[in-house]
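Biologist: I am new to this structure. Please take me through the terms one by one.

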Amino acid sequence: MGRYVVRRLLQFIPTVLGAIFLLHYLTSLGIQMTGNPARAIFGDRRPSEAQLQAMSESLGLGDKCLERVGDPCIGLYFDRLSDIFLRFDLGMNFTRRPVTDIIADGLSYTVKIVIIAIIFEILVGITAGVLAGLRSGNFVDYLVKISTVLVISVPVFVLGFLVRDMFLVNVGNSVRSSGNFPDWFAYGLMSPVYKPDYPWASLIIPGLVLGSISLATTARLTRTSILENVRADYVRTGRAKGLSEKRVIGVHTLRNSLIPVVTYLGIDFGALMGGAVVTEGIFGVPGIGREIFRAIAQQQPSVVVGITTALVLVFLVVNLLVDILYAVLDPRIRYD
Amino acid sequence: MKLAATVAALGMLTAACGGSDSDEGSGGSDGGSAGGDLRIYSSEPAFLVPSAGDDEPSILVIRQLYRGLVKYNQEGAPELDIAESIETEDNQTWTVTLKDGYTFTNGEPVDADAFLRAWNYTGNLANSQNNSYFMGRIAGFEDLQKEGVKKNATFSGLKKVDDLTFTIELTQPFSGFESVLGYSGFFPMAQECIDDFDACNKTPIGNGPYKIEGEWENNVQIKLVRNEDYAGEDTGKPDSLTYRIFDDVDAAYAAFEGGELDVMYTVPPNKIGELESTVGDRLLKEPSSSFTYLGLPNYDDRFQDPDLRKALSMAIDRQAIIDAIFDGSLSPATGFVAPNFDGAREGICEACEYDLDAAKELYESTDGLEGPVELWANGGAGHEEWLQAVGDGWKSAFGIDYKLKVDVSDFGQYLEIADNQEFTGPYRLGWGPDYPVMETYLAPLYTTGAPSNNSGYANDEFDQLIKDGDSADSLEDAIPFYQQAEDILVEDMPVIPMWWGLTTVVWSENVAEMVHNPITDVDYGQISMN
């Protein structure tokens, strides 16, 4: 196991280097094609050559290779790498905020709502899937199937707006004016937007909205997987040798059925990190998704490279954990 | 996209040079009770240091943290603030004397050095501060903006006389200079702030009625508390100001509806109608000073004839476009200067009025245009629709085809095309005033070779009138010159004025008295709460 983990960690290096190069190349190409993003800072007032040059230098956009379309800016790439790996400096955004700060701040919110979303998926999604899978064809099964189709077919921004404007504003206002509820509920959980006074409570609803779509997928995956496994030989063997139903389902079937679900959740964790941008926007959560969206719109190469690299790392680590979990779930899988 | 919006709103007074709103607030410190926590909608500021903050959200915070030489009264005229006196003989050399007793929150005195070091820092190219542009009138600016300038180089035009007195020498006389000094880019800075810019940006060291509590929580909130050591008379009224930061105005509006915010300056346009019926007089609506125009490439042979330019303007039904596309949330331009500026004359631009018959007649008398005319705008910023309406209007009036050129969506790239005068047809651009003097709408945009003169317009007579106005004895004496300059624009029509923006403020029932300044917008520190 230890050697396996070390080998996997070593594989991170080319992945990260490659990702940084790709991002570096694309952001550089973007600047080469559309011109110096520093110009936009001056707005309607035309800067002099010297002013534009000084501003570009201070933002790390001064390299001449950024003016030659197609130039991969290899020099700049290695400068970037040495800044990142030798000095732990990811550069700054256009308002001179270190990218490391942006990532640290943004990730803290995004990780929170993603964790809430994943817990929601695990608790509700897997339970619903198991219930539906075990009682295939009965009421619970139909309920789960129909409700998941419903949730999947509602885009997250529609759901988000509905929850915010109908539930948190309208229902929330009557909850707040009634005065019968504790503050953390009325002003925290029911707050229409993220509220720094209630850093967890006000993120619960955004987390649930974020998790809702993957929840449906999780439930359906679990259901199918359970359906397949309850008919497997080892289940019949277990039952035949007199194991309790609880043990047959709860330990053996479930454990085997969870492998595809865990794979999915691992991928989903990464996807939610970057994909939370819509939910974050609706509920005013100052997360990483919005930061990267803004950085791309404003062509801030250091921010794009920094945040995406951080997301790549998160993705890699989570998937490593998933692979290790396989071995835990299925003893037949060995990593040495 | 966001940057484009902020940049369009660049300049200090981005909005609301609305007339005095006597029924909304007095602006004085009388009446109303002190106390409470005022929760304010804000977008993420760019900087909280006066030398760098040039966008609206930054300035609205900076104005509560810092104070400068002058402030503006309800008529938009400058009034002495930290300055004891500002005197000049010739509008070129100005002597400033400061009031004694002001300090920064770190204990440093607000003396002559505090101003001089701030301006020298701002004007120096080596520091690339966003507000350097505004220092351009001070003598020695050119030297400070040369490549390779030393970091400690200073303006030749700034001289300290004693601790509380200094002189400013301008490159050319400018009668409106006192007004300029009220811009937040001219506010003083502590030495500690210049020594560690980043720390001062995160935890500002101000000299104003409020001071920061904790530090700027980026993208989340900025909390200010009343500065009990503030020496001025207009001390803050609310105990604290909490700027809640939102990326998305709709999310902020939901927060307002849910009782999370007390003041929301800038309401989503599609909510204005709804608010008018629900909140009644807790909504303020005024034309703002942000100017949108359709530039004409005067450097292009086809657009040389002023009559043709006028005819094009007269064929645009501004009000109809505003009603159909913008929910009526803009006011049509009838001149080149914001209607609430001192010296602006309503309806001065005859060719800005929709008159189809006159337009056709005038067009017939010219050589006309050969289609398709290319109409330019930065893409993805919501300009396509109204440009199309303009093009359709020209098509039906003059029978010329048009083509939208909206494929450049990067604002920086779009501005570069403007800088290089590469527009091949009429183009959309905007302008926000730099200071509350009507000259700010004239000189930078139409003087020969001026930095923002994208149309390539050149008229010696106009240039001379601006110069005459700048060197007049006082601002009052200057206005007739500026008006004559505007008259020339009306005749020449170098660009087609389209419309002015709209300032909207809505506040909650917690607010007892709203205080809105025509130049600096909502004065959060002077709002009293229930």
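Biologist: Is the crossing of H9(A) and H10(A) left-handed or right-handed?
Modeller: This is a predicted model. In it, H9(A) and H10(A) make a right-handed crossing.

Biologist: Why are H9(A) and H10(A) called roughly antiparallel?
Modeller: Helix H9 of chain A spans residues 233-240 and helix H10 of chain A spans 245-275. Their axes cross at roughly 150 degrees. Angles over 145 count as roughly antiparallel. H9(A) and H10(A) are therefore roughly antiparallel to each other.

Biologist: Which residues make the contact?
Modeller: H9(A) brings A:Tyr234, A:Val235, A:Gly238 and A:Arg239. H10(A) brings A:Val248, A:His252 and A:Thr253. By class, that contact has 3 nonpolar, 3 polar and 1 charged residues. The axes of the two helices come within 11 Å.

Biologist: What makes residues of chain B count as in contact with chain A?
Modeller: The C-beta atoms of the two residues must lie within 7 Å. By that test, 44 residues of chain B are in contact with 44 residues of chain A.

Biologist: Which element gives the most to the side of chain B that touches chain A?
Modeller: H14(B) does, with 6 residues. Helix H1 (2-8), helix H8 (249-257), helix H14 (411-419) and strand S16 (427-431) of chain B each supply at least two. By class, this side of chain B has 20 nonpolar, 12 polar and 12 charged residues.

Biologist: Which domains does chain A have?
Modeller: The domain assignment gives domain 1 (2-85) and domain 2 (99-298). Taken over C-alpha atoms, the centres of these domains of chain A are 36 Å apart.

Key. Residues numbered from 1 in each chain as written. Chains lettered and ligands numbered in written order. Predicted model: local features only at pLDDT ≥ 70, side-chain atom pairs only at ≥ 80, totals over all residues. Domains from an automatic or database assignment. Axes fitted to C-alpha atoms, helices over the stretch in contact; angles between N-to-C directions. Helix = DSSP H or I, 4+ residues; strand = E, 2+ residues; numbered from the N terminus. Parallel < 35°, antiparallel > 145°, perpendicular 65-115°, else oblique. Left-handed = near helix turned anticlockwise from the far one by under 90°. Nonpolar A, V, L, I, M, F, W, Y, C, P; charged D, E, K, R; others polar.
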